[in-house]
Amino acid sequence: MKNKKKCKNKFSQKNPEEAVNKAESTEEHKPKEEDSNNNNKSEKVTQTPAKKKQKECKAQKRKRTEELAEITCTTETQTLREEKGDKVEKGATESKQKAAEPKVEITDEPQSPTKRVKPELSREQSLRREKLRKMLSKEAVRQESPAEQKDEAAAPETDVKLDRSASLRSRMVERLESARFRFINEVLYSTTSGEARRMFKQDPQAFGIYHRGYTAQVQRWPANPVDAIIAYIRQKPPSLVVADFGCGDCKIARNVKNKVHSFDLAAACELVTVCDMANVPLPDCSVDIAVFCLSLMGTNLADFLAEANRVLKMGGVLQIAEVASRFENVRSFVTGLANLGFKMVSKDTENTHFYTFELVKSGGAPENVKKFGLELKPCVYKKR
């Protein structure tokens, strides 16, 4: 027995460092919670509370991760509201502080094998954050878009209503003006020049309505006979004096170099001399060219032509342009002009819309003009 004890002591005395190292290595591999390895019962008793602690740690970590996810959601919503202009700086700072506190508690806990799941949880959190940001951005856009759409939809609806009302009003005004134009036109063809002049004096707006309606009708014509008369006058010397009976907007006076006397029942511009065309303020034999372009409108049109004969010089030119539909018999019209002291030079009755005549003064007009019966049909515009 003594020898055995001595051997053991010798072995322990010879290698004390190796024994210490082995003890340390065994202690490192074994968990810290195991204090004794002598009995199996004691091991079971020590392991069961350790497992319970691990389960409690896992449950606490899960709760903390859920709290972290909720905190991140709140922080992200707060940041989005701050971008929109909602001042929520206090809530953001408090949420940041709360988010920072659980992180410190996790670091203080003892290490356990469940810490290997941390990188996976961080990835999941990042994915959740991205999804939440997308969802919040979409919801913000959806919340903003309906209001904007309502505003945008309300504006075009109002614009459409205004456009419709304006268009209806303009149409009604056009119809009223066109109706008044047709009425005034019939009055001018069915009454004398004196009565027409009285009408324009009593209603100054009537001439403007008639003039606008007339210009609208002229735009529909294939050609305007005034342009042909202007071209004719331009070929003559500029020293010749022109008298424009029923001048309208004074187109001849504005497009030739000659001196032009413009007469009409009402003034469309400053160049017009307002008068009755059966009695113009000009001396006898003072005009070289007399023009009637769509202006033989009254029932006393023979008086207009007799006044033109008085004003014209001997050998002076008379230019007439009228709507083709007004002529029942061109020959009777020419004979009537001959009785009034005019000789035919040329005529154009092949045009489907307008007839033109060029005559020369060959003698004076008789005193009684009515017996010749010079007449033309009225030009009445149909309703369109």
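Select Lys 361 and show its neighbours: leaving aside residues up to four places away in sequence, Lys 361 touches Cys 285, Asn 309, Arg 310, Leu 312, Lys 313, Met 314, Gly 315, Gly 316, Gly 341 and Phe 342. A contact here means heavy atoms within 4.5 Å. The model is predicted, so local features need pLDDT of at least 70 and side-chain atom pairs count only at pLDDT 80 or more, while totals for chains, interfaces and linings use all residues. Residues are numbered from 1 along each chain as its sequence is written, and side-chain values use heavy atoms, with hydrogens and water left out.

Lys 361 belongs to strand S7, residues 354-361. Helices (H or I, at least four residues) and strands (E, at least two) are DSSP runs, numbered from the N terminus. Which side chain of opposite charge is nearest to Lys 361? It is Asp 284, 7.9 Å away; Lys 361 is buried yet has no salt bridge. Lys and Arg count as positive and Asp and Glu as negative, with His and the chain ends not counted. Buried means under 20% relative accessible area, exposed over 50%, and partly exposed in between (1.4 Å probe, protein chains only). A salt bridge is a side-chain nitrogen of Lys or Arg within 4 Å of a carboxyl oxygen of Asp or Glu.

Next, select Asp 284 together with Arg 310. These two form a salt bridge, with the closest N and O atoms 2.4 Å apart. Asp 284 sits in the loop between S3 and S4, and Arg 310 in helix H9 (residues 301-311), so the pair ties together parts that are 26 residues apart in sequence. Both are partly exposed: Asp 284 has a relative accessible area of 49%, and Arg 310 has 28%.

Stay in the loop between S3 and S4 and move to Ala 278. Its relative accessibility of 22% makes Ala 278 partly exposed. Not counting residues up to four places away in sequence, Ala 278 touches Ser 193, Asn 300, Asp 303, Phe 304 and Glu 307. Measure from Ala 278 to Ala 306 in the viewer: the C-alpha atoms are separated by 7.9 Å, and the two residues are 28 apart along the chain.

Now colour by strand. Seven strands make an open sheet with mixed pairing, in the order S3-S2-S1-S4-S5-S7-S6. Strands S3 (272-274) and S6 (342-348) are at the edges with a single partner strand each, so one side of each has no neighbour in the sheet. From one strand to the next the twist averages 20°. Axes are lines fitted to C-alpha atoms, for helices over the stretch in contact, and angles run from 0 to 180 degrees between N-to-C directions. Two strands pair if DSSP finds at least two bridges between them.

Within the sheet, select S4 (residues 287-293) and S5 (residues 312-323). They pair in the parallel sense over six bridges. Where in S5 is the bridge partner of Phe 292? That partner is Ile 320.

Two further salt bridges are worth a selection. Arg 326 and Glu 322 meet through their side chains at 3.0 Å, N to O. Both are buried, Arg 326 at 2% relative accessibility and Glu 322 with a relative accessible area of 0%. Elsewhere, salt bridges that share partners join Asp 284, Glu 307 and Arg 310 into one network. The other pair to select is Asp 249 and Arg 254, whose side chains meet at 3.7 Å, N to O. Here Asp 249 is partly exposed at 30% relative accessibility, and Arg 254 is partly exposed at 49%. The protein's salt bridges come to seven by this rule.

Turn to the backbone and select Cys 250, in the loop between strand S1 (241-245) and strand S2 (259-264). Most residues other than glycine have a negative phi. Cys 250 has a positive phi, near 60°. Cys 250 is buried, with a relative accessible area of 0%. Then select Leu 294, in the loop between S4 and H9. Leu 294 is not a glycine either, and its phi is positive at about 60°. Its relative accessible area of 9% makes Leu 294 buried.

Finally, zoom out to the protein, which has ten helices and seven strands. Buried residues are 32% of its 384 residues. Among contacts with a separation of 6 or more, 63% are between residues 24 or more positions apart. The protein exposes about 26600 Å², with carbon and sulfur atoms supplying 51% of that area. Accessible areas come from the Shrake-Rupley method with a 1.4 Å probe; for residues, only the protein chains shown count as cover.
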